[in-house]
Amino acid sequence: MRIAVVGTGYVGLVTGTCFAEVGIDVTCIDIDVNKIENLKKGILPIYEPGLEEMVMRNTQKERLSFSNDLATSIQGCDVAFIAVGTPPGEDGSADLKHVLAVARAIGQHMTNYVVVVTKSTVPVGTANKVRTAIEQELEKRGANIPFDVASNPEFLKEGAAIDDFLKPDRIVVGVASQRAEEVMSKLYKPFLMNGHPLIFMDIPSAEMTKYAANAMLATKISFMNDIANLCEIMGADVNMVRKGIGSDVRIGNKFIYPGIGYGGSCFPKDVKALIKTASENGYEMRVLKSVEEVNENQKSVLFNKINNHFKGELAGKTFAVWGLSFKPKTDDMREAPSLVIINKLLEQGAKVKAYDPVAMKEASHTLGNTVEYGKDEYETLIDADALLLVTEWPEFRSPNFNVVSRLMKDKVVFDGRNIYDAAEMREKGFVYYGIGVKQQVEEEKVTLG
Ligand code: UDX
C-alpha cells in the first residue's frame, strides 16, 4: 500500500513513521520547506521517545520519505491522511482553514481513487466539508475520479505515542462506504495483533468519539482535583481516597491523579471546542463548563499555597522549579501549568530557577530570560526558599534529599503532583505541601522548619 500523510506535526509524523514501520510506503508532506529539509536529515521538529531512531530506520529502508510536493506525492496513493493543525480560534472553535486547504489541494491533484482521512481532531461535520471541498476541485478540473472520506481520530499520548500507535487499545474509523472500510481494514491489519478492535462506525460518531474520549478524561482529572481540594479542607488524604475509589473497576485507577490542572495540546482545546460546538447547536455542556472552570482554578492552587506560606511576601524570594513541560517525557509547553505558576511568581517579584530534562529550549521560547535555568535539578536549589515540583519526571521521584536539604536556604517543598510521601518528607525535616493531602499544622512547621 502507498499512503500520504499531510502535516508533519506531532500526529502526522508519528502516524507516518509507524505506518512505514510495518512496511507501508509512506510520504509525509508539509508546506514548511525547512521542516522537510530537516526531516530528510533526520532532524525532528518534536521530541518523542524512540521516534528519531524510527524515522532514521524507515528513511534508510526507503519506506518513509518527506516532501513539500503534495501534487506529485498524492498520485498513486491508496489513502491520504490529513494531519495538519486545527488551532483554536478566538472563540474556542477549531479553525479548519489548514484542513480544508489540504482537502482542496488533494482535489486539485489526485489521479486515482483515494480514501481521504481526517486524523486531526476536527469538529463533527468536518469530513463532510472535506468531501465538498474535494468535489468542488474535481468539478473545476472536470475530473471524474471516485474518492471517499473517512474519520480516524488519534488517541496518542505524548511521550508514549509510538507504543500507543503500534499497540492501540482500539482503532476507531468512521466511514460511509464499503470500499473505504475495506481499504482502512487492510491498512490497519498489522496493528491488530494484540486482539484489540478496529471499530468501524459512521463518520459523525467517529468524529464525536475523539472529543468524548478527551472530554471524559479531562472530566476525571477535574473531578479528582475538586475532590482533592475538598479533602484538604476536611482533613482527608486524596492519595488514600484515590486508591480507595480506583480499585472499583467501574471507576478504574487511571487518570484519577490530582495535580495542578491538565495542560497540553489536546484537553484544553478539545474541551473548549466541544462546549462551543454544543452551544452553536443550541445545547449547553454543563458538566464540561465546570470541568474547564475547575481546571483554570487548579492552575493557581500551588501558587496560592506558596503565597499563604510566605504570607504574601514573595518579592525577592527564590523558587526552584522542577519540571516545565505539561507532563513528563515531552518537551511540549502548550498550556503547561508551569507557565501560569511561574508567571504568577514573577509578577510578585520572586526569582525563579528552573530545570526540565528536555523542555528547557522550548520553555525559553515563552519564558525567555525572565527565569534562570539550572544545569540540573540540584543547581536550581542553591539558596532557594522553596522547591516546586511541577512536572513528575521520573528522575525527580527519588532525589538525594540530603543534598536537597543542604542546598536549599529553607526546606519547603510544594509538590504539585503528589510524588513525595507527606509523612516521609516531614520526617526528613521538610515543610511539605501536596495537593489534597493533610496540611501540616502550624506548630509542626515551627518545630520542623
Ligand atoms: C491526551 C489523551 O490522553 C490522548 O488520548 C489524546 O490523543 C491527546 O490528548 P496528552 O495530551 O499527550 O494525551 O496527555 P495525557 O497523558 O493524556 O495528559 C494530559 C494532561 O492531564 C496532563 O497535563 C497531565 O498532567 C494531566 N493528568 C493526567 C492529570 O492531571 N492527572 C491524571 O491522572 C492524568
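**View 1. Where domain 1 meets domain 2**. In this predicted model, four residues of domain 1 are in contact with seven residues of domain 2. Sort the domain 1 side of this meeting place by class: two residues are nonpolar, one is polar and one is charged.

**View 2. The two domains along the chain**. The domain assignment places domain 1 at residues 2–201. Domain 2 covers residues 293–448. How far apart are the C-alpha centres of domain 1 and domain 2? They lie 39 Å apart.

**View 3. Strands β7 and β8, side by side**. Strand β7 takes in residues 171–174, and strand β8 takes in residues 198–201. The two run parallel, joined by four bridges. Find Gly 174: its bridge partner in β8 is Met 201. Now follow the chain from β7 to β8. The path goes through helix α8, residues 178–188. This β-α-β crossover is right-handed. As a rule, side chains in a regular strand alternate between the two faces of the sheet.

**View 4. The whole chain, for scale**. The chain holds 17 helices and 14 strands. Its radius of gyration is 24 Å, close to the 22 Å that the globule rule gives for 449 residues, so the chain is as compact as a globular protein of that length. Along its principal axes, the C-alpha trace spans about 80 × 45 × 40 Å.

**View 5. Burial and contacts in the chain**. What share of the 449 residues counts as buried? The figure is 44%. Next, take the contacts between residues at least 6 apart in sequence. Of these, 71% join residues at least 24 apart.

Note on methods. Residues numbered from 1 in each chain as written. Predicted model: local features only at pLDDT ≥ 70, side-chain atom pairs only at ≥ 80, totals over all residues. Rg over C-alpha atoms; globule rule 2.2 N^0.38 Å. Buried ≥ 20, exposed ≤ 12 C-beta atoms within 10 Å, placed from the backbone. Contact = placed C-beta atoms within 7 Å. Domains from an automatic or database assignment. Nonpolar A, V, L, I, M, F, W, Y, C, P; charged D, E, K, R; others polar. Pairing = 2+ DSSP bridges. Right-handed = clockwise from strand over helix to strand, strands pointing away.
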